[in-house]
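I opened the model today to go through its pockets, its nonpolar cores and a few backbone oddities. My notes follow in the order in which I looked things up.

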Amino acid sequence: MKIKIFKYLDELDAFVLTEEYKRIAAHLGLDGWEKYAWIGRLFTMDNDFGEHWFDNWELREQMAEKAEKLGLDEGDLLILDASRFADSKDGPCHTDPFRKRFWTEVLQKLELSLELIIEEARENYQTLKELDLADFDDFEERVQSVQKNTKPI
């Protein structure tokens with residue numbers, strides 16, 4: 001089963017997480033920035049630079065008024081900043097507008113399997129347990145609940 005991760009808001013040129021993914025992630029303990037940071041890490045050579053792929057608060061602040069009119073909190077907006085997807089080591093090879101268009105199209109289509117999301121949540125949960133930071137002890141029961149209550153798209 002595939003889960004759509006992002007919903008594109010054309011009027012804001014921004015993304016939010018889909019309600020289905022937010023519900024699953026929260027239930028499995030992928031809270032706060034972690035619910036999308038893990039995906040960014042994988043997009044950026046699997047390193048912690050990627051966890052900051054949506055750390056562009058100044059762009060969110062610029063959208064605050066428009067977001068509020070749509071009933072959204074600016075803090076929920078995920079705005080692509082094309083310059084974050086380029087380094088000066090061997091490039092960039094494309095312009096900022098082209099890179100932004102590319103990543104917008106990729107994220108509009110992105111679906112991940114429930115199994116992959118669960119695997120990431122399990123790794124995250126184990127790390128939290130080792131640090132004595134886990135908020136719950138029933139992870140596997142939560143996984144079973146998500147598997148039973150998620151309908152195929």
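How many nonpolar, polar and charged residues does the lining of the second largest pocket have? I count 3 nonpolar, no polar and 5 charged residues there (nonpolar is Ala, Val, Leu, Ile, Met, Phe, Trp, Tyr, Cys and Pro; charged is Asp, Glu, Lys and Arg; polar is the others, Gly among them).

Before going on, I note that this is a predicted model, in which local features need pLDDT of at least 70 and side-chain atom pairs count only at pLDDT 80 or more, while totals for chains, interfaces and linings use all residues. Residues are numbered from 1 along each chain as its sequence is written, and side-chain values use heavy atoms, with hydrogens and water left out.

**Second largest pocket.** I get about 150 Å³ for its space. A pocket here is an open set of points on a 1 Å grid over the protein atoms alone where a 1.4 Å probe fits, with protein on both sides within 12 Å along at least five of seven lines; lining residues have an atom within 4 Å of a point. The volume is the space filled by probe spheres set on the points, which are joined across faces, edges and corners. The lining is Trp38, Arg41, Leu42, Asp46, Leu116, Glu119, Glu120 and Glu123. Helix α5 (114–130) and α2 (34–43) each supply at least two of these residues, and α5 gives the most, with 4 (helices are DSSP runs of H or I, at least four residues; strands are runs of E, at least two; both are numbered from the N terminus).

**Largest pocket.** I find a volume of about 500 Å³. Of its 19 lining residues, Phe43, Arg84, Phe85, Ala86 and Asp87 are the closest to the centre. By class, the lining holds 10 nonpolar, 4 polar and 5 charged residues.

**Cores.** I looked up the largest nonpolar core (buried Ala, Val, Leu, Ile, Met, Phe, Trp, Tyr and Cys joined through side-chain atoms within 4.5 Å; buried is under 20% relative accessible area, exposed over 50%, partly exposed in between, with a 1.4 Å probe and protein chains only). Among its 31 residues, Ile5, Phe6 and Tyr21 touch the most other members. The largest share, 5 residues, comes from α5.

**Backbone.** I found a cis peptide bond from Gly91 to Pro92, with omega near 10°. Asp13 has a positive phi near 50° and is partly exposed at 30%. Met45 also has a positive phi, about 60°, and is exposed at 77%.
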